[in-house]
Structure formats: C-alpha cells, structure tokens
Amino acid sequence: MGVLRMFLAALFVLALGDALPKPSAPVHRWSDPATWPDRAVPRAHTDVVVPKGTVILLDVSTPDLGTVRVDGELTADTVPVELRGNTIDVNGRLLVGTAG
C-alpha cells in the first residue's frame, strides 16, 4: 500500500505545481547518517519518523522499511528514487515529481 499512497501523493503534487511553498527549515539528506537520531541511515524493516519541523531530501532509494511517518517534510530528489515501506503515513508534506 505504501507505493500506492506515494503515487497518489505524486499526482497531488503535480497538480499543485509551483503553488507549494519552499522548505522553511534546513534540508537534511536521507543518505547522511547525521540526519538520523542514532547516526545511521535507516535499514530494512525499521520504522522511520520525519519529525515536525524537519525537512529531509530523499536522495537515495530506501530498503523495504516498516512504517514511514512523515510529520515534517519529505522531498524526493530530482533523480529517480523509491520510497519503500509497509505503511507510509503522511501527516506533514510529501513532495514528489515536478510540474510540467
């Protein structure tokens, strides 16, 4: 179900285009261990939280994760990446794709 939710979110973002505001916080890279509380990039089957007030750039494809909860902002890079999770719960912002 996570892939379906990401696809639907991509369609929503494409429809909004440039109407979305720019990130309001510093951007952290998913691939950077310093981004994460335990100083390790999330591994397969782990649960991940993007906290409120945090902006993370998804710059690499993920392994198959457990639950991915986005309370802050998760933005896909301009290169092809995959966000794989058992459940993807977006309470904040998930930005994928480009307009036009």
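This report describes the sheet, an aromatic pair and a pocket of the structure above. The model is predicted.

**The sheet**

Four strands make up an open sheet with parallel pairing, in the order S1-S3-S5-S7. Strand S1 (27–29) and strand S7 (93–95) lie at the edges; each has a single partner strand, so one side of each is left without a neighbour in the sheet. On average, neighbouring strands of this sheet are turned by 25° against each other, direction ignored. Strands of a sheet pair through backbone hydrogen bonds, in either a parallel or an antiparallel manner.

Two of the pairings involve strand S5. Strand S3 (residues 55–58) is joined to S5 by four bridges, and S5 (residues 73–76) is joined to S7 by three bridges. Both pairs of strands run parallel. Individual residue partners across these pairings include those tabulated below.

| Residue | Partner | Strand of the partner |
|---|---|---|
| Leu-58 | Ala-76 | S5 |
| Leu-74 | Leu-94 | S7 |
| Thr-75 | Leu-95 | S7 |

In a regular strand, side chains alternate between the two faces of the sheet. Strand S5 is covered on both faces: Glu-73 and Thr-75 are buried on one side, and Leu-74 and Ala-76 are buried on the other. Thus Ala-76, the bridge partner of Leu-58, is a buried residue, and Leu-74, which stands opposite Leu-94 in S7, is also buried. Thr-75, whose bridge partner in S7 is Leu-95, is buried on the side shared with Glu-73.

**The aromatic pair**

A pair of aromatic rings is described by the distance between the centres and the angle between the planes. The count of such pairs in this model comes to one. Its members are Trp-30 and Trp-36, whose ring centres are 4.9 Å apart; their planes stand at 75°, over the 60 degrees required, so the pair is edge-to-face. Trp-30 counts as buried because its relative accessibility is 1%, under the 20% limit. Trp-36 has a relative accessible area of 5% and is therefore buried as well.

**The second largest pocket**

Trp-36 also belongs to the lining of the second largest pocket, in which about 150 Å³ of space lies. The other lining residues are Pro-37, Asp-38, Ala-40, Val-41, Pro-42, Arg-43, Thr-46, Asp-47, Val-48 and Val-49. By class, this lining comprises seven nonpolar residues, one polar residue and three charged residues. Among the charged residues are Asp-38 and Arg-43, while Thr-46 is the polar one. Trp-36 therefore takes part both in the edge-to-face pair with Trp-30 and in the lining of this pocket.

Notes: Residues are numbered from 1 along each chain as its sequence is written. This is a predicted model: local features need pLDDT of at least 70, side-chain atom pairs count only at pLDDT 80 or more; totals for chains, interfaces and linings use all residues. Side-chain values use heavy atoms; hydrogens and water are left out. On a 1 Å grid over the protein atoms alone, a cavity is a set of points where a 1.4 Å probe fits but cannot get out, and a pocket is an open set with protein on both sides within 12 Å along at least five of seven lines; lining residues have an atom within 4 Å of a point. Grid points are joined across faces, edges and corners, and a volume is the space filled by probe spheres set on the points. Two strands pair if DSSP finds at least two bridges between them. Axes are lines fitted to C-alpha atoms, for helices over the stretch in contact, and angles run from 0 to 180 degrees between N-to-C directions. Rings of Phe, Tyr and Trp (its six-membered ring) pair if their centres lie within 6.5 Å; planes under 30 degrees apart count as stacked, over 60 as edge-to-face and the rest as tilted. Buried means under 20% relative accessible area, exposed over 50%, partly exposed in between (1.4 Å probe, protein chains only).
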